[in-house]
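This briefing looks at how strands are arranged into sheets and where helices lie across them. Please keep the sequence and the structure in view while reading.

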Amino acid sequence: MNSRPLWDWDAAWEVLPLLLEAFITVTLYVTVVSSFIAAVLGLVLAIARRSSPRPISALIGLVSNVIRMTPIVVQLLFAYYIFLDAEPLLIGVIIFGIHYATYMSEVYRAGIDAVPAGQWEAATALSMSRRRTWGAVIVPQALRATVPALGNYVISMFKDTPFLIAITVTEVVRAAQTYGGNHFTYIEAITLTGLIFLLSSYPTSLLIGRLEKRLAYTN
Amino acid sequence: MVRDTSQEEPAIRFQDVNKSFGDHVVLDQLNFTVNKGDRVTLIGPSGSGKTTILRLVMTLEELTGGYIFIDGQPLTHDLRDGRRVELKEKHRNEVRKRIGMVFQQFNLFPNMTVIENIIEAPVHVLKVPKSQAITRARELLDKVGLADKEHAHPLELSGGQQQRVAIARALAMDPEILLLDEVTSALDPEIVGEVLEVLREVARTTDITMLIVTHEMQFARDVSNRVLMFDSGSIVEEASPEVMFTQPTEQRTRDFLAAVLGD
Amino acid sequence: MSEHLIKLRDAWPQILDGIGITLVLTVGGAALALVVAIALGLLARFDNILLRGTARVFIEFFRGTSLVVQLFWLYFVLPRFGVELSAIAVGIFALGLNYGAYGAEVVRGSLNSVPAGQWEATTALSLSRTQRMWRVIFPQAWALMIPSLTNLLIQLLKGTAIVSIIAMADLTFMIDKLRQDTDTFFAYTVGLLLYFALASLLTLGMNALEIRAKHKLGRGDSLRSALSFSSSASRAGKGVA
């Protein structure tokens with residue numbers, strides 16, 4: 001069998017800084033920037049679907065559906081080959097943003113639908129403009145209840161970031177794989193990568209769970 | 001554990017029963033017995049612990065203190081060598097087979113048809129052959145006036161019909177003790193009568209011991225031979241229905257009856 | 001364009017093979033995930049702290065460590081322990097464990113949503129623990145869990161695309177081959193539409209299951225009458241974190 005120890009602490013200490021660097025500069029970076037894109041674009045999509053004429057709203061719905069129900073890996077590759085000159089990291093950030101925007105727009109849609117019809121009627125009765133109705137009445141009420149669901153998608157996206165491997169972005173799993181390949185030992189790097197994901201996603205989901213409960217009580 | 005299970009044993013005996021939910025004491029040192037064949041109605045204001053008594057007998061709640069005996073057998077706890085010990089689930093299940101319950105919300109199984117609901121426990125718990133269980137179920141359905149509904153789904157039936165199926169389901173286990181927990185409270189007033197009529201018939205034609213919680217005073221008067229008035233977790237007064245409903249001795253009973261009978 | 005279509009026709013048998021691999025991964029992964037979900041979902045409801053704790057650790061571990069990490073661990077690290085799995089087995093295990101952990105929360109939640117009165121009625125009828133779960137509670141919870149399981153199934157189908165990086169000739173792999181013969185836009189549009197078609201078919205199948213499960217509980221039409229004017233709007237795959 002193998003003469004190397006099953007777990008080599010030296011290798012573990014050596015790879016950890018490399019993993020953390022990739023984790024912060026790529027994994028967290030993509031999560032944060034793409035979440036922002038998804039949150040904004042998702043809201044735009046939700047409002048556009050509600051306020052556009054039927055054919056346009058149906059078209060937005062269909063395209064969102066196709067994006068949501070097909071693999072992000074395929075979408076990443078698609079964009080990667082189309083924009084061969086672009087930075088893969090940039091492509092990753094944008095595709096993650098668009099992919100998750102289609103999920104988040106569903107969350108917003110549910111939030112908007114939950115605003116009572118009386119609120120629309122009151123805004124009409126006060127002769128408020130459409131813009132003002134959305135901005136001052138509907139969106140603020142719809143947003144509150146959506147926070148936990150949006151947060152859950154952010155965690156989801158965070159755990160999907162290793163799909164960036166497909167387009168050669170060196171996020172944390174690829175960093176681990178590269179180190180493993182060069183040093184002929186994968187166990188330390190990949191196990192540590194798993195721990196990094198676990199230690200960052202578990203507390204966050206606990207936090208969101210508590211937020212969810214608190215919002216449920218106050219509503 | 002050697003216990004006398006001769007004829008003298010009461011069907012149900014509560015001995016020093018305590019039940020509290022957190023700090024809230026629901027039953028306080030309760031002692032009473034129900035003899036075989038008795039039809040005992042529990043009355044009293046809501047929150048007085050009547051329903052808790054039924055749920056304790058059905059083991060849907062855990063005793064906080066004391067003992068319940070069913071035909072002389074301890075139900076969930078026993079006194080052994082001076083210590084109160086909890087009895088195993090297997091033992092509870094054996095004793096529980098002698099007890100049936102009809103619930104306020106019917107609780108029919110929606111994943112089964114009417115007849116499947118009725119034969120479920122006889123076939124899978126008592127191991128009665130299926131054909132025999134079906135024959136018996138049909139008799140019972142006939143008895144509760146629903147012979148034509150055997151293949152219906154519970155949710156297709158009216159509340160009154162569902163409750164009559166629930167009665168048939170409880171009777172299919174041939175219980176020695178039947179617990180009726182506000183069985184008409186979830187029903188529209190115009191269909192309360194059909195359910196009570198079925199129960200009157202059961203009372204008339206069987207010798208099942210019954211423990212009843214109800215707001216239907218006329219029904220209580222018709223079927224029971226003893227009425228217990230509860231308040232704040234204790235028995236305030238006990239009497240035959242004739243006495244209880246016409247000349248109760250306790251002021252609290254008079255106040256309660258005046259309120260529910262609307263005099 | 002027409003030459004692309006000819007290339008597509010030539011490549012079609014290979015693409016079908018790719019779809020076959022993708023479906024094996026999806027169905028195999030989903031079957032394992034269902035077993036894992038039910039086992040962990042049931043364990044997580046036990047009073048016994050040891051059983052419940054074990055289930056919770058498994059669930060949080062497989063939900064928290066990311067699919068690709070699990071895939072790589074099984075592919076690169078497991079051989080160190082003398083266990084060499086084929087690439088397809090690695091794919092099925094990673095997908096099944098990961099989505100099974102998500103499914104466990106769905107199973108647990110659905111079991112908890114069955115009304116207390118149903119549990120009480122099983123006690124009143126002296127049903128054993130096993131009978132109570134499999135004859136009364138689970139069939140009712142099943143109808144409740146299908147919509148969430150449908151979403152997870154679509155997630156799992158999407159997740160299969162990553163296994164092409166451990167040298168599996170799945171649909172994603174075949175699309176990349178088609179790209180080399182035609183062009184990116186054509187090949188990937190075909191690819192996305194094929195995945196979309198697969199996802200829609202799976203959704204339709206799950207919707208049929210849901211209609212059947214609900215009908216068994218006496219709610220809604222039978223599957224036959226629902227199909228007679230087939231209007232099953234495809235439900236989108238709502239994800240979970």
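In this predicted model, chain B holds an open sheet of six strands in the order β8-β9-β10-β3-β11-β12, and the pairing within this sheet is mixed. Its edge strands are β8 (99-102) and β12 (234-239) of chain B, each of which pairs on one side only, and the twist from one strand to the next averages 20°. Chain B also holds an open sheet of four strands, described further below.

**Pairing in the six-stranded sheet**
- Strand β9 (residues 177-181) and strand β10 (residues 209-213) of chain B run parallel to each other and are paired over five bridges.
- Within this part of the sheet, B:D181 has B:V213 in β10(B) as its bridge partner.

**The four-stranded sheet**
- The strands of this sheet follow the order β2-β1-β4-β5 in chain B, and their pairing is antiparallel.
- Strands β2 (24-34) and β5 (73-74) of chain B form the edges, each pairing on one side only.
- Strand β1 (residues 12-21) and strand β4 (residues 65-70) of chain B run antiparallel and are joined by five bridges, and B:I12 stands opposite B:I70 in β4(B).

**Helices lying across the sheets**
- Helix α1 (residues 50-57) of chain B lies across β3 (39-43), β8, β9, β10 and β11 (226-231) of chain B, with a direction at about 140° to β10(B).
- Helix α1(B) also lies across β1, β2 and β4 of chain B, where it runs at about 115° to β1(B).
- Helix α9 (residues 251-261) of chain B lies across β3, β11 and β12 of chain B, running at about 95° to β11(B).

Key. Residues numbered from 1 in each chain as written. Chains lettered and ligands numbered in written order. Predicted model: local features only at pLDDT ≥ 70, side-chain atom pairs only at ≥ 80, totals over all residues. Heavy atoms only, no water. Pairing = 2+ DSSP bridges. Helix = DSSP H or I, 4+ residues; strand = E, 2+ residues; numbered from the N terminus. Axes fitted to C-alpha atoms, helices over the stretch in contact; angles between N-to-C directions. Contact = heavy atoms within 4.5 Å.
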